Amino acid sequence: MLIWLFLAMNFIITEVVKGIKHLYNEEVAESLISIQDTRKEFEGQATIVVFPIVRFSKKSPEQTANDLGAYLVDNLKEVTAFNVVKGFLNLSIANDYWLDLFNNSLLQPDFGVIPSNGRKVMVEYSSPNTNKPLHLGHVRNNLLGYSVSELLKADGAEVYKVNLVNDRGIHICKSMLAWQKWGNGETPESSGLKGDHLVGKYYVIFDKEYKKEIEALKAEGQTEDEAKKNAPLIKAAQAMLLAWEAGDEAVIDLWKTMNGWVYEGFAISYKNLGVDFDKFYYESNTYLLGKDTVEEGLAKGVFFKKEDGSVWIDLTADGLDQKLVLRADGTSVYITQDLGTAQMKYDDFKMNESIYVVGNEQDYHFKVLFLILDKLGKSWAKGLYHLSYGMVDLPSGKMKSREGTVVDADDLIAEMVATAKQKTEALGKVDHFSEEERETLYYNIGMGALKYFLLKVEPKKRLLFDPAESIDFQGNTGPFIQYTHARIKSLLLKADYTPGVFIDNQVALSETELDMIILLAKYPSEISAAAKTFSPASLANYIYEVAKMFNKFYHEIPPIVKEEDEQLKRLRLSLSDVTAGILKSGMRILGIEVPERM
RNA sequence: GCAUCCAUAGCUCAGCUGGAUAGAGCAACGGUUUUCUAAACCGUAGGUCAUAGGUUCGAAUCCUAUUGGGUGUACCA
């Protein structure tokens with residue numbers, strides 16, 4: 001049961017409170033009264049649940065509902081009739097009221113625009129490693145991060161999108177080492193491979209060769225653990241990491257070159273995904289941060305030092321464990337860096353809130369991180385939020401890079417666009433389009449399908465990616481919504497519609513038209529609700545409802561362009577226009593473009 | 001073991017602070033085009049909301065326990 005969040009219905013609640021005072025001489029809070037949509041099978045548009053009021057009225061639910069219904073009809077001109085079903089008071093709201101709402105709200109140019117509220121929010125997302133190309137899991141992260149950012153902007157916040165690139169560490173050294181040994185000077189140019197794929201190729205080679213060495217050592221009688229530690233390749237990689245940290249020129253040069261290739265590759269993937277960032281942070285610059293924070297924690301007595309010199313925090317009182325924050329040799333661990341980076345990001349932007357878009361396997365890490373910052377007395381720690389999302393599963397099971405069962409982001413994008421092209425051509429509607437318009441359309445449809453497919457699922461839930469289903473363009477899909485938009489645009493063009501003229505409030509609304517106005521009017525509150533829970537999914541589902549409602553409307557009325565009654569024609573065209581506007585701006589929040597025709 | 005998340009139709013998912021007979025899409029079956037784009041619409045069929053208790057006028061929703069699954073519990077990042 002959808003609750004009426006938008007202010008338009010508040011006047012009823014206010015009157016109900018007055019009614020209770022008048023009828024029963026009891027003061028009740030407005031928060032006690034809830035209004036919800038009336039179910040389809042009953043008369044009316046707004047329903048008040050009277051059960052909570054019964055203890056004030058001291059009468060049966062039916063009697064209370066009847067009393068209140070009569071009071072509302074007498075005292076509110078907008079309420080024309082009521083009926084009572086069990087404890088539910090269904091109110092019929094005047095036609096005029098809906099038309100006024102339509103004219104004064106939905107038809108206004110600023111409808112759906114939520115004014116700036118001064119909130120400053122940072123959204124950190126993507127955060128790739130530079131040793132391999134992006135895969136499906138990253139795609140979910142990127143799309144989620146981008147659309148949450150857009151959602152918060154739409155809800156009136158100022159948003160900073162940042163990307164913390166993990167560009168250093170043993171994993172990069174693995175790619176570098178393998179390239180040195182087996183690369184023969186191969187480059188993206190010489191191989192024709194996208195830079196990130198080239199580097200990823202050597203990461204895989206490293207892993208393969210490393211495994212061979214482990215097997216060889218085990219054959220010589222070493223245990224698995226010994227073999228893993230003693231393999232020459234891993235020792236070489238560790239040596240390379242030390243050389244990197246010592247600033248060894250040759251190693252740094254190679255590192256810069258190979259990271260450069262990866263960045264060129266990522267730039268293409270990001271462009272194709274339609275995501276962007278206001279600022280990049282690099283771990284090569286931040287990995288030494290956090291030691292100041294450790295000192296601060298020691299001074300404040302939040303951290304303690306063990307005999308070996310390692311620094312810890314005891315979180316057992318909070319139901320967690322003891323956690324290491326600095327090694328005995330004074331080097332950092334993951335959380336040390338994150339403490340420092342969090343401080344740096346705050347110093348840079350002074351934001352009120354900071355959202356980390358990171359997979360749910362790091363739930364514990366962020367719980368600890370936020371708790372530590374809070375214990376350190378950081379005033380901004382309250383504004384930290386881990387937007388945790390579930391893994392993407394394949395029908396065959398988990399994605400495993402080592403077994404080659406990953407879905408590569410670039411391949412996936414290419415496949416979606418190719419499928420869009422094939423399906424669109426099969427329909428034969430675009431033969432007269434220009435080459436450029438066609439290509440753009442295929443891209444928008446393919447990406448629309450992919451983005452919508454991933455975003456319509458609640459972030460925290462695991463998501464099953466079935467390639468066959470994801471390229472389905474029927475039903476609850478991106479292309480369905482895109483198609484609805486294109487259809488409306490075509491209609492408005494044919495009908496020679498000009499916006500900006502209001503509707504005469506004498507027009508009688510059909511049931512579907514009334515339902516449409518009610519549904520469309522919820523758009524701003526849907527944005528706010530989605531922003532509040534950081535969930536593009538709820539917005540995606542709302543947009544789908546809007547598209548579905550339009551298609552129903554479109555089918556059940558005679559052709560609008562031939563409508564003789566000018567007022568009725570204008571009403572229907574305006575409804576169509578407002579629908580198109582919501583589809584367009586709503587989809588934009590999801591990062592999806594809607595075509596003018598398709 | 002402990003922590004945490006998840007469990008709704010054959011499949012993929014909605015169901016928001018508890019509200020009336022639990023909704024969509026896909027798949028299946030049937031229908032709709034001399035009328036504004038059939039990537040559409042209408043209909044049929046499909047459910048012990050994992051299980052058992054509890055709170056409540058009212059529970060898919062809140063609480064407890066159990067079962068099944070994921071993830072974490074690294075001096076990796």
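Start with the second largest pocket in this predicted model. Select domain 1 (7-93) and domain 3 (418-589) and colour them apart: both give residues to the lining of this pocket, so it lies between them. The C-alpha centres of domain 1 and domain 3 are 35 Å apart.

To find the middle of the pocket, select Asp37, Thr38, Lys40, Asp515 and Met549, which lie nearest its centre among 28 lining residues. The space inside comes to about 810 Å³.

Next, show helix 4 (95-106), helix 20 (511-521) and helix 22 (536-556) as ribbons. Each of these helices supplies at least two residues of the pocket lining. Which helix gives the largest share of the lining? Helix 22 does, with seven residues. Colour the lining by residue class, and the second largest pocket shows 11 nonpolar, six polar and 11 charged residues.

Before moving on, colour chain A by its domain assignment. Domain 2 (170-277) is listed there together with domain 1 (7-93) and domain 3 (418-589).

Now go to a pair of helices. Select helix 8 (residues 195-219) and helix 10 (residues 232-245) and hide the rest. Their axes are 8 Å apart, and the two helices pack at an angle of about 130 degrees. An angle of that value makes helix 8 oblique to helix 10. Turn on side chains for the contact: helix 8 brings Phe206, Glu209, Tyr210 and Glu213, while helix 10 brings Pro232, Leu233, Ile234 and Ala237. By class, the residues of this contact are six nonpolar, no polar and two charged.

The last stop is an enclosed space. How many cavities of 30 Å³ or more are there? The count is one. The largest cavity holds about 30 Å³ of space.

To see its walls, select Leu143, Tyr146, Leu273, Gly274, Val275, Lys451, Leu455, Leu590 and Gly591, which line the largest cavity. Then add helix 5 (136-154) and helix 17 (435-455) as ribbons, since both are part of the wall: each supplies at least two residues of the lining. Coloured by class, the lining of the largest cavity has six nonpolar residues, two polar and one charged.

To end, show the second largest pocket again beside the largest cavity. The pocket has about 810 Å³ of space, and the cavity about 30 Å³.

Note on methods. Residues numbered from 1 in each chain as written. Chains lettered and ligands numbered in written order. Predicted model: local features only at pLDDT ≥ 70, side-chain atom pairs only at ≥ 80, totals over all residues. Heavy atoms only, no water. 1 Å grid on protein atoms, 1.4 Å probe; cavity = no way out; pocket = protein on both sides within 12 Å on 5 of 7 lines; lining within 4 Å. Points joined across faces, edges and corners; volume = space filled by probe spheres on them. Helix = DSSP H or I, 4+ residues; strand = E, 2+ residues; numbered from the N terminus. Nonpolar A, V, L, I, M, F, W, Y, C, P; charged D, E, K, R; others polar. Axes fitted to C-alpha atoms, helices over the stretch in contact; angles between N-to-C directions. Parallel < 35°, antiparallel > 145°, perpendicular 65-115°, else oblique. Contact = heavy atoms within 4.5 Å. Domains from an automatic or database assignment.
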